[in-house]
Amino acid sequence: MNLLFTALLLLAPASAQTAFPERIRKVIETNAALPNGSYQTIAAKLYLHRDPQWCSRRLEELLESPSGDMFWMFPVTAVAYLDRGQLTPSARNALRQSWKTYMPFRGDTENHWLMYYVSLYLMSQLYPDQPGDTWYTGKSSSENFREAEEYLLHWMKLTTTIGQGEYDCTHYIGVYLLPLSYLAAWSEDPKMRLRAQRMLDWIIADYAIENLDGIYIGAHARTDDIQVLEKWNGVSSDFGWLLFGLGYPLPGFSYYALFYSVASAYQPPEVIRQIATDRSRPYLHRELKRTRNRWRFTDVRNAPVYKTTYMHHDYAVGSDQGGILQPIQQHSWDVTWALDDPRGKRNTIFSMHPYSSTYELQMYFTAMPDFVTEAVVRSKKTYDSPDKFLGGSPYEQILQDQDTVIALYDIPPGTRFPHINGFFPDNLTHFEEHPSGWIFAQGGNAFIAYRPLAPYEWKPVPGGGRRLLSPHLHNGTILQAASASEFPDFEAFRRAILALPLHFQLDPVPGVRFRSLRGHDLRFTYGQPRDFSQWKLFDSPYLQSAPGGRLLTVTHGNDHYTIDLRELLP
Amino acid sequence: MFWLNCLRIFALATLTLSAQTHRVFLCGATSKGYVVGAKLPPSGLFTLTARETWDHLSYNHPFLSSLDYDRRDPRILYLAAGNGCIRSSDSGRTWRILTSWNVTELQDVAVDPHHPGTLFIALPDGIAASTDDGRTWRHTDTGISRKFTKTIRVDRAIEGRLLAGTELGIFLTTDNAAHWSRAAGAPEMITAIEQSPHQPAEWLAATQSSGLYRSGDNGSSWQPVSAIPAGPTLYKIAYDPRQPRRLAVCGWGPGVLISDDNGRTFTPRNTGLPSTQVWSVAFHPDHPGRLYASVHEEAVFVSEDAGLHWSRHGMEGSIIQGFFFVPEARR
């Protein structure tokens, strides 16, 4: 009967209508059936109480040559907790010994450290009262536990007071959710379990309000070369589907979704699900985040990041204020539209400056200059490419007002890549380069008007789409989006845009005066002072949180929920 | 006369028996092909064996930048690592991480020869010190703005005096790091500082783009060394402990530069090296003229004639952050 159930689950389409427990089960069953014999398969099988002999044998094989640092720690931690007497003494001993004989590197990012310290916390808890010579740290179980606990409390407090540093990551959201899922399931301290649940609520709510049918939209601290264009194609879509039944998960599911599922498999409260799924009314949402640790060239360790997101049923427009807020993989602004099935499709438009510099890398990394770019390119292959669509720039400044974006560029002569790139997919319903200078397009049910402020040419993009290449140091983009439902037809939208007063100059610095489609008179000049003093951690009809508060109020209709960590964090 | 010769022989034998020998360590990574999260080739701490091979000690670790030793017992090593400050009490075989979550990516470590149990670590966000063999730590960088600190040295001749190489220049303290002030004339982005083993008032500093600087007044003020132009990154400085006027500097582009006139002039000594991208150099204190160099992702090279001729000496595909010579522990 179990086999039949499994077969049915695996063969059934990943329907959005599947209930949460069934989605969890599907993720686990799929991973249990994988032929590759990885830690995730072991974890899934142990969860299901299947093939413990195989699990033990395979675990010992894998532990002969541990590698992966913090990416090794969390799978092994899950296996340790899913053991529950199923592993052989030999396999259990091999697992324990590996925490003495292998020293994982702690890493240099916020997600690395969360994986590292949650794993160390839980393993020290599992093996309490053991001396330092039984751990790779040289510290005793209690010392390891105390250090890990201190860091976790520090991180939670930082996130809920000045904002997350590695915020809204399309891939690394998985690496934040799974360790918290672990803590919520396996911490023996009820306060820590509660903290973990509330942090899950916090991060899930953050995602919920910025998802469009499961696609993580808006500005990101980190995304990647694939998902910056094909907005569905990443780990965040797994969690949109898993948590809320939205959109489509990745084929076979990410292993982050697996490890989330075999731990607490935490289901967020109904009010957060409503926020994630209700797109009946447009809304504006603002967030305060922080940069990654800046080691050089600044007096501010973590500068503020100001995010704006406009959400509509048919599209979303999101941005940050511009600048280098994160190294390498930052994504600052775009319009993304909804599609019935976004898989394999590129459903976004934006512009950016492809910045590459040891200045950026030495700001955020402790490396020396001569090798650092090459070292980065070894894993982030497009970093030093003029054609890239990923990354922030110190020469980009962005203003967003509802679904209008003005992005301005003042690129100094001699900059490595003295141009801006714009991305347009090749599946637009309408596409027109109007003599006025506006580019009109339709994606899904979104009407889009894009106004380049300097001359440009088109280049093809591998995989589909075209790159707007504008090789002018003083530059800019105006974007105005609207829903097709607002206009009788596309022509009416075009006429409405053309009627909007627009004045701009590029010299001596770029500046724009534009009346938006929403009737707002926008004035934005590169370098002008901006007032962000009223910015909150979260500010929208659905989420409210003041800086420093450790308190997030979640509201949808008559439903209210408070994520309160004030008493839980020192 | 007979008895005088006996006395001479006895004196020479005593001197020979008491001559300090050193164990050679290096901190480095086999970096070719490595990215964070992948399987790490042998990296971390290595020691030179009697067979002239490099023996990997203890754990694999991708970021080990420096080490120093306890002057009371040279078997006790302190390592500046990505995971924190690491202590070994058996010449590197077993490790204990001393620091906690609030310390990361150590750039350098320096043991205070004047105060047993005191050590300092250079950090991306300043300087921390311990006065109890690393059990507890406190940040101690008051006066240093833009805290990134690449290197730190304790003046071996003047108690309480330290120099730190930071983003904004060289900072000096005379009260055991309680307060720091900027030394005059030093440029920004310091990569290395070394004190002359022959003239303790003399120091040299290497920089990321401003060339080489010298101080003749215990680090209070600095002047550029005209023999090395500004531009390329200089990474390490090495005084020859056996030749008072010889020193080596290395960098990315210049390769290995040798001076035999205390820095008035420098000569490239790169013939035989596969490239001039050199991370570190050091003279062996026990062998006259023996010079080690780390060529970027090539190997360690060794010369027996101060760089005139080089031969490959293991650690293929590596980046070596430094060579260190620790006195052999006396029985």
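In this predicted model, 28 residues of chain A are in contact with 28 residues of chain B. On the chain A side, helix H8 (141-161) and helix H15 (369-379) each supply at least two of the residues that touch chain B. H15(A) gives the most, with 5 residues. By class, the side of chain A that touches chain B holds 10 nonpolar, 8 polar and 10 charged residues.

The largest nonpolar core has 271 residues. Those with the most contacts inside this core come from chain A and chain B: Ala43(A), Val79(A), Phe259(A), Ile170(B), Ala205(B), Ala248(B) and Val249(B). Helix H5 (residues 70-82) of chain A provides the largest share of the core, 11 residues. The contacts of Ala43(A) were examined beyond residues up to four places away in sequence. Ala43(A) touches Pro75(A), Ala78(A), Val79(A) and Leu82(A). Ala43(A) also touches Leu258(A), Phe259(A) and Val262(A). Two of these partners, Val79(A) and Phe259(A), are themselves among the residues with the most contacts inside the core.

A helix pair in chain A was examined next. The axes of helix H9 (residues 173-186) and helix H11 (residues 235-244) of chain A come within 8 Å. They cross at roughly 50 degrees, so H9(A) and H11(A) are oblique to each other. H9(A) makes the contact through Ile173(A), Gly174(A) and Leu177(A). H11(A) makes it through Val235(A), Ser236(A), Asp238(A) and Phe239(A). The contact has 4 nonpolar, 2 polar and 1 charged residues.

Two buried residues of chain A illustrate contacts between segments separated in sequence. Gly318(A) is placed in strand E5 (residues 315-319) of chain A. Gly318(A) has 29 C-beta neighbours inside 10 Å and therefore counts as buried. Beyond residues up to four places away in sequence, Gly318(A) touches Glu210(A), Ile217(A), Gly218(A) and Ala219(A). Further contacts of Gly318(A) are with Lys307(A), Thr308(A), Thr309(A), Trp333(A) and Asp334(A). Glu210(A) is 108 residues from Gly318(A) along the chain, yet their C-alpha atoms are separated by 8.8 Å.

His353(A) is found in the loop between strand E7 (348-352) and helix H14 (358-364) of chain A. With 25 C-beta neighbours inside 10 Å, His353(A) also counts as buried. Leaving aside neighbours within four places in sequence, His353(A) is in contact with Ser393(A), Tyr395(A), Glu396(A), Tyr409(A), Ile411(A) and Ile420(A). Glu149(A) is 204 residues from His353(A) in sequence, and the two are 41 Å apart in space, C-alpha to C-alpha.

Gln243(B) lies in the loop between strand E20 (234-239) and strand E21 (247-251) of chain B. Gln243(B) has 15 C-beta neighbours inside 10 Å and so counts as partly exposed. From Gln243(B) to Pro327(B) the separation is 84 residues in sequence and 19 Å in space, C-alpha to C-alpha.

Strand pairing was traced in both chains. In chain A, 3 strands form an open antiparallel sheet in the order E17-E18-E19. Strand E17 (502-505) and strand E19 (521-525) stand at the edges, each with a single partner strand, so one side of each has no neighbour in the sheet. The twist averages 5 degrees from one strand to the next. E17(A) pairs with strand E18 (residues 511-515) of chain A over 4 bridges, in the antiparallel sense. Within this pair, His503(A) stands opposite Arg513(A) in E18(A).

In chain B, strand E17 (residues 203-207) and strand E18 (residues 212-215) run antiparallel and are joined by 4 bridges. Leu204(B) has Arg214(B) of E18(B) as bridge partner. The hairpin of E17(B) and E18(B) has 4 residues between the strands. In this hairpin, Gly211(B) takes a positive phi near 85 degrees. E18(B) also pairs with strand E19 (residues 223-224) of chain B, again in the antiparallel sense, over 2 bridges. There, Arg214(B) has Gln223(B) of E19(B) as bridge partner. Arg214(B) is thus a bridge partner of Leu204(B) and of Gln223(B).

Note on methods
Residues are numbered from 1 along each chain as its sequence is written. Chains are lettered from A and ligands numbered from 1 in the order in which they are written. This is a predicted model: local features need pLDDT of at least 70, side-chain atom pairs count only at pLDDT 80 or more; totals for chains, interfaces and linings use all residues. Axes are lines fitted to C-alpha atoms, for helices over the stretch in contact, and angles run from 0 to 180 degrees between N-to-C directions. Angles under 35 degrees count as roughly parallel, over 145 as roughly antiparallel, 65 to 115 as roughly perpendicular and the rest as oblique. Two residues are in contact if their C-beta atoms, placed from the backbone, lie within 7 Å. Ala, Val, Leu, Ile, Met, Phe, Trp, Tyr, Cys and Pro count as nonpolar, Asp, Glu, Lys and Arg as charged, and the others, Gly among them, as polar. A nonpolar core is a set of buried Ala, Val, Leu, Ile, Met, Phe, Trp, Tyr and Cys residues joined through C-beta atoms within 7 Å. A residue is buried if 20 or more other C-beta atoms lie within 10 Å of its own, exposed if 12 or fewer, and partly exposed in between; C-beta atoms are placed from the backbone. Two strands pair if DSSP finds at least two bridges between them.
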